[in-house]
Amino acid sequence: YVPLSLTAATSSDEEDDSDSSTKPIRSEKKKSPASLFQTGGDPPKEKKSKKKAPPKGGESEEETPETLQKNSNKKGKAKKSKKKEERPPSPVIEVENLEEFVLQPAPQGVTVKCRVTRDKKGMDRGLYPTYYLHLDNDKKVFLLAGRKRKKSKTSNYLISIDPTDLSRGGENFIGKLRSNLMGTRFTVFDNGANPDRANADWSNVRQELSAVVYETNVLGFKGPRKMTVIIPGMNADCERVPIRPRNDNDGLLMRWQNRNMDNVIELHNKAPVWNDETQSYVLNFHGRVTHASVKNFQIVHSSDPDYIVMQFGRVADDAFTMDYNYPLCAVQAFAIALSSFDGKLACE
């Protein structure tokens, strides 16, 4: 049984990869990536009108030209086959302070290319695998680990900057992903305090970094998933606007549901195209994804579907590539990827 699935394009597409020098960025007419995500900032705190760093979206971007391509479901259309490398590695990225790096937005104009591995070995890891995130480069720099908590009524994944310490109380705890009872809506938090245990001035309350909503599709269990990703907007200095809900009625999901979109950005997965030849839904991942899977996805902003904010897909049984661009940080992208592994999704 072969499920209708999102697939990588074709092997010949894989070689048309990341030679950015010869392909111009087609963003002159469109807004720069920075302006797509700018919402102004948090009104009570500050309203900065000066930009420290001008958005670099229009410059020649180091790794994104291969992601700024239209979906292609035609075979054999590779323009260059010089590149024998199947998956181009991440650009050189310095990770001096891991905790800082994983919460910082990707640098504008750079696609941060990562690899997620799933470890099912051990007594209970069949049910509770551990997921590891590394930079997809020669050094394979470790970034994050995630694991589903046991004895939790809803799906609850802890995210840590230490591959060996996945405890809630540990100093390496950096965030968590929590689902609703149905397992169709997820919220991503940083490691701040629950509002019930907040300081008097609320300064230590946790931030919501992202939310993910999965919709069942018209094809029931057989078609591709539909995802909505909700993230905080960016201020004029290209920093994430802090969203610190004081109760359950003020989080990203509730704001999105009530269409209160101040300082909130809505993203969607890119719709795959049906390919008669392969009898499957296809998306062009330009060689970064090699296995068909219902979990493969690309996240885009409706104003510029060619700018891939994040893509995720299978390359082996327990290995996946995860690439993200500004304005996402590693914790946001990894948590969104973890949500796609969750067993309850009524969308496969």
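This report describes the salt bridges of a predicted model and the burial of the residues that form them.

A search of the whole structure finds five salt bridges. Three of these pairs are listed below with their N to O distances.

| Acidic residue | Basic residue | N to O distance |
|---|---|---|
| Asp-318 | Arg-118 | 2.7 Å |
| Asp-136 | Arg-288 | 3.0 Å |
| Glu-266 | Arg-259 | 3.1 Å |

**Asp-318 and Arg-118.** The side chains of Asp-318 and Arg-118 meet in a salt bridge at 2.7 Å, N to O. This pair connects distant parts of the chain, 200 residues apart: Asp-318 lies in the loop between β16 (304–316) and β17 (319–324), and Arg-118 belongs to strand β3 (residues 112–119). Asp-318 has a relative accessibility of 28% and therefore counts as partly exposed, whereas Arg-118, at 15%, counts as buried.

**Asp-136 and Arg-288.** A salt bridge of 3.0 Å, N to O, joins the side chains of Asp-136 and Arg-288. Here too the partners come from distant parts of the chain, 152 residues apart, with Asp-136 in the loop between β4 (130–135) and β5 (142–148) and Arg-288 in the loop between β14 (280–282) and β15 (297–301). Asp-136 is buried, with a relative accessible area of 5%, and Arg-288 is buried, with a value of 1%. Together with Asp-323, Asp-136 and Arg-288 are linked in a network of salt bridges.

**Arg-259 and Glu-266.** The side chains of Arg-259 and Glu-266 form a salt bridge at 3.1 Å, N to O. Glu-266 is partly exposed, its relative accessible area being 21%.

Technical notes:
Residues are numbered from 1 along each chain as its sequence is written. This is a predicted model: local features need pLDDT of at least 70, side-chain atom pairs count only at pLDDT 80 or more; totals for chains, interfaces and linings use all residues. Side-chain values use heavy atoms; hydrogens and water are left out. A salt bridge is a side-chain nitrogen of Lys or Arg within 4 Å of a carboxyl oxygen of Asp or Glu. Helices (H or I, at least four residues) and strands (E, at least two) are DSSP runs, numbered from the N terminus. Buried means under 20% relative accessible area, exposed over 50%, partly exposed in between (1.4 Å probe, protein chains only).
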